[in-house]
Amino acid sequence: FRKRDAKMAAQAAAAAQAAAAQAAQAEAADSWYLALLGFAEHFRTSSPPKIRLCVHCLQAVFPFKPPQRIEARTHLQLGSVLYHHTKNSEQARSHLEKAVSAGRAIPQFEDVKFEAASLLSELYCQENSVDAAKPLLRKAIQISQQTPYWHCRLLFQLAQLHTLEKDLVSACDLLGVGAEYARVVGSEYTRALFLLSKGMLLLMERKLQEVHPLLTLCGQIVENWQGNPIQKESLRVFFLVLQVTHYLDAGQVKSVKPCLKQLQQCIQTISTLHDDEILPSNPADLFHWLPKEHMCVLVYLVTVMHSMQAGYLEKAQKYTDKALMQLEKLKMLDCSPILSSFQVILLEHIIMCRLVTGHKATALQEISQVCQLCQQSPRLFSNHAAQLHTLLGLYCVSVNCMDNAEAQFTTALRLTNHQELWAFIVTNLASVYIREGNRHQEVVGDMLHVWYPFSPSHCLRAAAFYVRGLFSFFQGRYNEAKRFLRETLKMSNAEDLNRLTACSLVLLGHIFYVLGNHRESNNMVVPAMQLASKIPDMSVQLWSSALLRDLNKACGNAMDAHEAAQMHQNFSQQLLQDHIEACSLPEHNLITWTDGPPPVQFQAQNGPNTSLASLL
């Protein structure tokens, strides 16, 4: 027995020694891993980042033959660093695919498994391999139902992918699934995010009968939810932005004012709140819609849109300047694609302001700036190509290049299926055809009869009546023209569409002048001039001053006629000088671009080659 005990004791000692050696080895391996991970993070966060050294440190983990969990996580870290900081998409994809594969084989390893799938699907989309991204996300969604944060995040991601593909029906279905899941797991906050996102897509689809009850439900959820103040206010901003854009899409500029005021007050409230670092207790609540700095720019943007439609152009320019200044600061620290989208939309609106206020040269340079932004992003160009050609068409009209304007508007029509933009382009193309004379009479008549009654926008329907009035005026059918223009005035006054009001008044004044009714003409032209000065609209001021000059001459008011003639001369000189400057810019050659991506360079011209006859 003693010999046996001694032998057993010796075996036990040897086993203990081996166990201690294994523990020491494991501890050493963990130490190496933590050290390499620390070095990698140090190099990644250095200023400037030392990405090559970071990658070397992470690659050095593999020779230690680490456990499967560490190996999978390291593949994820390498794939993430290569994806975000290098152009080596092939290696990034390889590491992320290994992370996805290894993560699936390890039970309860959600953070690696789902983050790798999310990143890999982003990379696939970047490489235009959408068909590879979809099943990857669907599989991850299928197995993530016990992990609320990742299940919701992956649903959002797949919905976004369908949205980028213009498959809004599938995107809405996924967002509906997400809203129901969030309700089941007790996250009213994320439920509201899903429903508001769905409402946004329904607005894009013009499914207004579905939008109204959905927005009503969202409003109730937002008001009843009691949680983090910043999260609550961000939901309210999202909700109000949808309401405001819904009104603006419908051309209801006056009706939107209460919602817009609430939105502006809401963003002021958010700017005074401090970020609460306490994490929500429900993991499904770990989302935010936009950073509050981005929300501020968005509120500026919808304010600019409202000011443009209402004809408050100085106000639009003021808010555009503020928004663009804030965007430049944000873009120094943040490369989010949404910032470039905001910048392009703001520039599109300020360009229209410049054309109306008689600053064509500045507008042309800003059109060139939009071209440069679109050159940097194929997706941005795809989304804004029609708007870009529309702006060039408006510029061509302003410098009296009617053939080029027709080509630009026709190109824009070919590139868009957006109902409001299509109607806007047709309105302007019809006005070009009217100014070009008799050869387009039948075309104009067909265009106006086909589309104008069906436009969902109050503003565009009012504009259509104005163009019909203009068409009748040029054909000498003055009573018919007056009937259309009075309809425009009724609609524009109902929603404070100041520019349409000014245009209608001056055209009515012109009709009464032609008919010899000088008193009635004066009653139209004087308020048109006052309103045009308030906007300010240079073309309407030029037109009004010419009419006032002729009216006062006809009535024998020499002093008033001289004053009006002097005003007309001043406006003419300002517009002529701006016209010459714009046509002398190398960017003026953009008016001939009607196909493919925006041209990269511009050749300088010897001088303007456009007629000023109709301008003056």
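User: Where is Lys-166 placed in this structure, and what is the value of its phi?

Analyst: In this predicted model, Lys-166 sits in the loop between α7 (148–164) and α8 (168–184). Its phi is near 65°, a positive value in a residue other than glycine.

User: Does Lys-166 count as buried or exposed?

Analyst: The general idea is that a residue counts as exposed over 50% relative accessible area and as buried under 20%, with partly exposed in between. Lys-166 has 60% relative accessibility and therefore counts as exposed.

User: Which other residue has a positive phi although it is not a glycine, and where is it found?

Analyst: Lys-65 has a positive phi of about 50° without being a glycine, and it is found in the loop between α2 and α3 (68–85). Because its relative accessibility is 72%, Lys-65 counts as exposed.

User: What does Glu-165 contact, once its neighbours within four places in sequence are left aside?

Analyst: Glu-165, which lies in the loop between α7 and α8, is then in contact with Val-130 and Lys-134. With Lys-134 the link is a polar contact between the two side chains, at 2.8 Å. Val-130 is 35 residues away from Glu-165 along the chain, and the C-alpha atoms of the two are separated by 9.0 Å. Glu-165 counts as partly exposed, because its relative accessibility is 36%.

User: How should I read the packing of α7 and α9, and at what angle do they pack?

Analyst: The general idea is that an angle under 35 degrees between two helix directions counts as roughly parallel, and one over 145 as roughly antiparallel. Here α7 and helix α9 (residues 188–204) pack at an angle of about 5°, with their axes 12 Å apart, and the two helices are therefore roughly parallel to each other. On the α7 side the contact is made by Cys-152, Leu-155, Phe-156 and Thr-163, and on the α9 side by Thr-190, Leu-193, Phe-194, Ser-197 and Leu-201.

User: Which peptide bonds should I inspect for a cis geometry?

Analyst: The peptide bond from Ser-47 to Pro-48 is cis, with omega near 0°, and the one from Ile-535 to Pro-536 is also cis, with omega near -10°. Pro-48 lies in the loop between α1 and α2, whereas Pro-536 is found in the loop between α24 (518–534) and α25 (538–554).

User: Ser-46 is in a loop as well; does it count as buried or exposed, and what does its side chain reach?

Analyst: Ser-46 lies in the loop between α1 (2–44) and α2 (51–59), and at 15% relative accessibility it counts as buried. Its side chain reaches the backbone oxygen of His-42 at 2.7 Å.

User: How do I read a helix residue such as Leu-551, and which residues does it contact?

Analyst: One reads its accessibility together with its contacts. Leu-551 lies in helix α25 and counts as buried, because its relative accessibility is 3%. Apart from neighbours within four places in sequence, Leu-551 is in contact with Tyr-513, His-518, Ser-521, Asn-522 and Val-525. A separation can also be given between C-alpha atoms: Leu-551 and Asn-517 are 34 residues apart in sequence and 9.9 Å apart in space.

User: What does the reading give for Ala-412?

Analyst: Ala-412 is found in helix α18 (residues 402–415), and with 0% relative accessibility it counts as buried. Its contacts, leaving aside neighbours within four places in sequence, are Ala-386, His-389, Thr-390 and Ile-425. Ala-412 and Gln-387 are 25 residues apart in sequence, while their C-alpha atoms are 6.9 Å apart.

User: Which residues touch the most other members of the largest nonpolar core?

Analyst: They are Leu-263 and Tyr-395, in a core of 191 residues. Not counting residues up to four places away in sequence, Leu-263 touches Val-237, Leu-240, Val-241, Val-244, Val-299 and Val-302.

User: How many helices and strands does the protein chain have, and what are its overall totals?

Analyst: The secondary structure comes to 26 helices and zero strands. Of the 616 residues of the protein chain, 50% count as buried, and the chain exposes about 30,200 Å², of which carbon and sulfur atoms supply 53%. Among contacts between residues at least 6 apart in sequence, 62% join residues at least 24 apart.

How values were computed. Residues are numbered from 1 along each chain as its sequence is written. This is a predicted model: local features need pLDDT of at least 70, side-chain atom pairs count only at pLDDT 80 or more; totals for chains, interfaces and linings use all residues. Side-chain values use heavy atoms; hydrogens and water are left out. A nonpolar core is a set of buried Ala, Val, Leu, Ile, Met, Phe, Trp, Tyr and Cys residues joined through side-chain atoms within 4.5 Å. Buried means under 20% relative accessible area, exposed over 50%, partly exposed in between (1.4 Å probe, protein chains only). Contact means heavy atoms within 4.5 Å. Helices (H or I, at least four residues) and strands (E, at least two) are DSSP runs, numbered from the N terminus. Accessible areas come from the Shrake-Rupley method with a 1.4 Å probe; for residues, only the protein chains shown count as cover. A polar contact is a pair of N or O atoms within 3.5 Å; within protein, one must be able to donate a hydrogen and the other to accept it, and residues adjacent in sequence count only if both atoms are side-chain atoms. Axes are lines fitted to C-alpha atoms, for helices over the stretch in contact, and angles run from 0 to 180 degrees between N-to-C directions. Angles under 35 degrees count as roughly parallel, over 145 as roughly antiparallel, 65 to 115 as roughly perpendicular and the rest as oblique.
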